[in-house]
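Please look through the structure shown here before reading on, and keep it in view while you follow the text.

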Amino acid sequence: PMWASFSLRWNWGVTFFRTRESIPSVGEIVWHGLTKVYLPWVMFYGTFLSVQPYLPVVSNMETLFDWYAYGGKPEVRSDPLGMWLAKVWAYCLVHGLMATQGFVAAAL
């Protein structure tokens, strides 16, 4: 997220925002970074993680989520669907909060 905010502020500037000719505010940069870059990615990633245990090709593959939720690759993914979805989307929410912090820091 920080590279996106940095680019929005210093590289893309007026071309990205197209609303005025001055440098956009920190809030605008964070908002556009979240809505145009982060949210599309996290929706795809969260959806992928939600169905991963049920896709034969990738069900046994290790993800970064496994390291945070289980401390490594679990032997068997035996969580009920509701618990699995709660873990996945809680992980995405916490990741989103930390990403927002990174967006703000980079947009300053």
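The report below goes from the overall fold to one helix, then to the aromatic rings, and last to charge and surface.

**Overall fold**

The model is a predicted one, and its protein chain has four helices and zero strands, so that its elements run α-α-α-α from the N terminus on. Of the 108 residues in the chain, 34% count as buried.

**Helix α2**

Helix α2 covers residues 26-51, and its 26 residues, at 1.5 Å a residue, should span 38 Å, which agrees with the 36 Å that separate its end C-alpha atoms. The helix bends by about 45° at Tyr 38, and a proline, Pro 40, follows within four residues. Tyr 38 is also one of the buried residues of α2, a list that includes Ile 29, Val 30, Leu 34, Val 42, Tyr 45 and Leu 49, and that has Gly 33, Gly 46, His 32 and Ser 50 among its members as well.

Val 26, by contrast, which has its place in helix α2, is partly exposed, with a relative accessible area of 25%. Its C-alpha atom lies 9.1 Å from that of Ala 106, although the two residues are 80 residues apart along the chain.

**Aromatic rings**

How many aromatic pairs does a search of the whole structure find? The search finds eight, and two of these pairs that share Tyr 91 are set out in the table.

| Pair | Distance between ring centres | Angle between planes | Kind |
|---|---|---|---|
| Tyr 45 and Tyr 91 | 6.5 Å | 55° | tilted |
| Tyr 68 and Tyr 91 | 5.8 Å | 35° | tilted |

Both pairs can be placed on the helices. Tyr 45 lies in helix α2 and Tyr 91 in helix α4 (residues 81-107), so this pair ties together parts that are 46 residues apart in sequence. Tyr 68 lies in helix α3, so its pair with Tyr 91 of helix α4 ties together parts that are 23 residues apart in sequence.

Are the residues of these pairs buried or exposed? Tyr 45 and Tyr 91 are both buried, and for Tyr 91 the relative accessibility is 13%, which is why this residue counts as buried when the cut-off is under 20%. Tyr 68, on the other hand, is exposed, with a relative accessible area of 60%.

The three tyrosines of the table also belong to one aromatic cluster, which is formed by Tyr 38, Trp 41, Tyr 45, Phe 65, Tyr 68, Tyr 70, Trp 84 and Tyr 91. Tyr 38, where helix α2 bends, is therefore a member of this cluster too.

**Charge and surface**

Side chains of opposite charge can pair when their charged atoms come close. The structure holds one salt bridge, in which the side chains of Asp 79 and Lys 87 meet at 3.0 Å, taken from N to O. Neither partner is counted as buried: Asp 79 is partly exposed, with a relative accessible area of 21%, and Lys 87 is partly exposed as well, with a relative accessible area of 27%.

On the surface, Leu 64, Trp 67 and Tyr 68 form a nonpolar patch, and together they have about 400 Å² of accessible area. Trp 67 has its place in helix α3, which covers residues 64-70, and Tyr 68 of the patch is the exposed tyrosine whose ring pairs with that of Tyr 91.

Note on methods. Residues are numbered from 1 along each chain as its sequence is written. This is a predicted model: local features need pLDDT of at least 70, side-chain atom pairs count only at pLDDT 80 or more; totals for chains, interfaces and linings use all residues. Side-chain values use heavy atoms; hydrogens and water are left out. Patches are made of residues with over 30% relative accessible area and no salt bridge: like charges are joined within 9 Å, nonpolar side chains (Val, Leu, Ile, Met, Phe, Trp, Tyr) within 5 Å. Accessible areas come from the Shrake-Rupley method with a 1.4 Å probe; for residues, only the protein chains shown count as cover. A salt bridge is a side-chain nitrogen of Lys or Arg within 4 Å of a carboxyl oxygen of Asp or Glu. Helices (H or I, at least four residues) and strands (E, at least two) are DSSP runs, numbered from the N terminus. Buried means under 20% relative accessible area, exposed over 50%, partly exposed in between (1.4 Å probe, protein chains only). The expected span of a helix is 1.5 Å times one less than its number of residues. The bend at a residue is the angle between axes fitted to the seven residues ending there and the seven starting there. Rings of Phe, Tyr and Trp (its six-membered ring) pair if their centres lie within 6.5 Å; planes under 30 degrees apart count as stacked, over 60 as edge-to-face and the rest as tilted.
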